[in-house]
Each structure stands twice: as structure tokens, then as C-alpha cells.
Amino acid sequence: MRLAILGTRGVPASYGGFETFAEELGARLVERGHKVTVYGRSRSIPRGITTHRGIDLVRLPAPRSKYLETVVHTIFSAAHAARRDWDAVYVCNLANVPAALFLRATGNTVILNVDGLEWQRAKWSALGRLYYRLCAWLGSRAPIELVSDARVIQRFYRAAYGRPTHYFPYGTDLEPAAEDGTLARLRLKPRGYVLYVSRLEPENNAQLVVDAFSNVRTDMTLALVGDAPYASQYIRRLKETAALDRRVVLLGAHYGRAYQVLRSNAAAYVQATEVGGTHPALVEAMGYGNAIAANDVPEHREVLGDAGLYYRGAAGLTDALQRLLDDESRNAELRAGATNRARTHYSWDTVADAYEAWLDELAHGGGE
């Protein structure tokens with residue numbers, strides 16, 4: 001089977017969920033004898049690297065633009081991919097509907113991962129939100145396969161557009177990583193910090209987490225991990241607030257082994273996002289055995305079930321964190337519950353099994 005994956009920054013993964021998805025699914029399909037090509041941006045894939053974990057890589061340029069970078073790069077990728085022979089082309093991100101439609105017009109079997117309800121994100125202008133809504137409408141009417149990684153999003157597309165989507169969850173690794181010097185370098189101690197991981201954008205509520213933590217009675221550190229390429233003003237304000245509490249540290253973005261170590265050794269983890277589908281950071285936190293406090297939204301309840309605590313607002317988060325840090329037995333119970341739920345529903349191997357079977361069906365004339 002020959003599969004192309006478009007719409008990400010590329011692999012090795014060094015940004016977000018779609019990049020990790022492309023790497024983890026792609027590598028597992030390669031291990032099973034399939035050919036996978038991932039298209040990425042020239043600034044993200046190191047020069048001279050043509051393969052990674054058996055995945056073939058194609059580097060193409062992309063403009064530096066909050067609103068155009070993803071769409072333009074994916075159109076470049078689609079033009080390149082259209083000249084090759086694929087069993088399926090997998091396009092990530094609803095914004096890339098134009099590329100998906102072009103690929104379908106050239107005779108390809110096209111899959112579009114719609115992600116979450118992007119028009120609800122505060123970072124987009126009114127025009128950006130309108131564009132995402134238009135993409136959702138066009139994508140739901142196009143002769144392409146739609147994929148959602150959350151049942152909540154699947155139900156939305158059926159109710160709003162009468163369009164079924166295929167459900168495939170995001171995955172996670174399941175082996176915790178021992179301290180290898182990463183925590184010492186960052187001046188953290190195992191089980192001595194509360195972890196927050198996300199792109200530092202308004203709807204991901206890092207500011208609320210800092211405010212809530214200021215009222216938690218603890219000597220532990222709040223470690224904020226993440227960055228965002230077009231949110232410098234928001235990040236600057238966040239740093240100013242964080243500087244008022246010596247327990248709060250902004251660590252920037254971390255990937256690979258360092259990210260795994262940070263995930264595996266936290267005393268508690270906060271999932272503060274409020275829009276989107278399945279958030280990769282939450283699934284990964286479960287896989288690495290974290291005691292989790294999650295913002296009480298349907299997407300998080302779908303993924304986490306009863307394996308975490310839920311909160312609403314800053315005061316609710318303060319209370320949830322205080323309980324997680326004060327009650328060691330409850331903390332351990334939730335860590336075990338999160339790991340078990342991740343192993344049952346969200347392991348990358350299980351996700352790859354489901355994708356492989358479906359892609360094989362598509363390649364042999366199946367589909368909806």
C-alpha cells in the first residue's frame with residue numbers, strides 16, 4: 001500500500017498532534033511493509049534528511065504567515081503528490097480542503113482529517129473563522145473520506161451536515177520514561193511539579209492555569225511546556241504574570257525524549273483546553289500515567305472517562321489540584337486508571353491496526 005500524508009510540518013515530529021500522528025502511524029505502517037511518504041515544510045525538516053523511521057520525506061517551501069502557511073504549503077504538496085501513484089492521500093487539517101479537492105479531481109482517493117471545530121478558536125479573525133466554516137461545508141459535500149478523532153466531532157458533522165465521518169482516535173505510547181538528566185537540567189524533581197502542555201494560545205487557557213495555581217498550597221513547581229509561532233503578545237503577558245509566582249516556570253517547547261521524561265514524572269497534569277476534538281496532549285498524559293485535572297468539556301470527558309478529575313473555572317482548578325496533590329492514594333488510583341484507559345483505547349499500535357485495515361479496504365475499492 002502506498003500512502004501520502006500532507007498538511008503537517010513534517011517529521012521528525014517537532015510541533016503538534018498532526019506531526020506526531022504522521023510519524024507514529026507512518027512508522028508503524030512502514031514496519032508492516034507499506035510505503036509511506038510525509039510532506040513537510042522546509043523550515044521544519046532538517047536539510048539533507050530524506051527518510052525518518054522508514055518514512056520517505058518530501059521538503060517543500062511554505063510562506064511565513066499565520067493565515068496562509070498551512071494552506072499554501074499543502075497546495076504545493078498536493079501539486080507534487082498529484083504526479084505520483086498512491087493508494088490513498090491523507091490530508092490533515094480542515095483548512096486544507098482546497099488541496100483535498102484538487103487531489104480528488106486528479107483521481108486520487110483522498111482522506112481529510114477534519115480535526116476540531118477550528119472556527120471556535122479565539123486566535124482566528126472573523127475572516128479566518130468564516131473560512132473554516134466554509135471548509136467544513138465544502139468538505140462535507142465532497143466525494144472524499146472524512147476522518148474525525150473524537151466522537152463529539154463525528155456527531156457534529158452528522159447533525160450539522162448530515163455527513164458521516166470515520167472515527168480513528170489519536171494514539172499514545174505507554175512506556176514511562178525515567179529521569180535521564182532532563183529534569184535536573186530544568187531544575188525539576190520527579191513528582192515535584194504540576195505539568196501543563198499546550199500551544200500557548202488564548203483558548204488553551206495557560207493564563208487561567210497560572211491564576212489557579214497561585215492559590216494552591218504547595219511548594220511544587222508549575223511547569224508550563226509549549227510555545228506558539230504567532231502568539232508573541234499573549235506569551236509576553238503570560239510571562240509577566242508567571243514572574244509574580246516563583247513556583248511557575250515557562251520551559252518552552254520540548255520534544256522527543258525530554259518531552260517523554262517531563263510527561264512521565266509529574267505529580268499532576270492539567271488539560272485546560274476548551275475547543276477542538278481529541279487533544280493529543282491529554283491522550284499522551286494518560287499513556288504516561290498522569291493524575292489529570294481536565295477542563296470539563298465533552299471532548300475531555302469522552303477521552304478521559306472517570307480516570308481523572310474535572311473542573312470549571314480557576315477556582316475549580318485550584319480545588320482539583322489541591323486534591324490531587326494532598327491525597328496520594330487518590331493520585332495513584334487516577335494514574336493507574338488513566339494508564340489502563342489509554343492502553344485499552346488509545347495505544348498507537350491499536351490505532352495503527354484500525355487504520356491499516358481501513359486503508360487496505362479503501363485501496364481495494366471500499367470506503368463508505
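A residue counts as buried when its relative accessible area is under 20%. Cys92 meets that cut-off in this predicted model, because its relative accessible area is 0%. Cys135 is buried too, at 2% relative accessibility.

Do these cysteines pair up, or stay apart? A disulfide needs two cysteine sulfur atoms within 2.5 Å. The sulfur of Cys92 has its closest cysteine sulfur in Cys135, 15 Å away, so the gap is too far for a bond. Cys135 is likewise in no disulfide, with the sulfur of Cys92 as its nearest cysteine sulfur. The count of disulfides comes to zero.

Turn next to Asp245. This residue sits in the loop that runs between helix H8 (232-242) and strand E11 (248-252). Asp245 has 14% relative accessibility, so it counts as buried. Its side chain makes a polar contact with the side chain of Arg247, at 2.9 Å. Leaving out residues up to four places away in sequence, Asp245 touches Phe213 and Ser214.

Now for the pockets. The second largest pocket holds about 150 Å³ of space. Its lining is made by Arg191, Met220, Ala267, Leu324, Leu325, Glu328, Asn331, Ala332 and Arg335. Helix H12 (313-326) and helix H13 (328-345) are the elements that each give two or more residues to this lining. H13 gives the most, with four residues. Sorted by class, the lining has five nonpolar, three charged and one polar residue.

Note on methods
Residues are numbered from 1 along each chain as its sequence is written. This is a predicted model: local features need pLDDT of at least 70, side-chain atom pairs count only at pLDDT 80 or more; totals for chains, interfaces and linings use all residues. Side-chain values use heavy atoms; hydrogens and water are left out. Buried means under 20% relative accessible area, exposed over 50%, partly exposed in between (1.4 Å probe, protein chains only). A polar contact is a pair of N or O atoms within 3.5 Å; within protein, one must be able to donate a hydrogen and the other to accept it, and residues adjacent in sequence count only if both atoms are side-chain atoms. Contact means heavy atoms within 4.5 Å. On a 1 Å grid over the protein atoms alone, a cavity is a set of points where a 1.4 Å probe fits but cannot get out, and a pocket is an open set with protein on both sides within 12 Å along at least five of seven lines; lining residues have an atom within 4 Å of a point. Grid points are joined across faces, edges and corners, and a volume is the space filled by probe spheres set on the points. Ala, Val, Leu, Ile, Met, Phe, Trp, Tyr, Cys and Pro count as nonpolar, Asp, Glu, Lys and Arg as charged, and the others, Gly among them, as polar.
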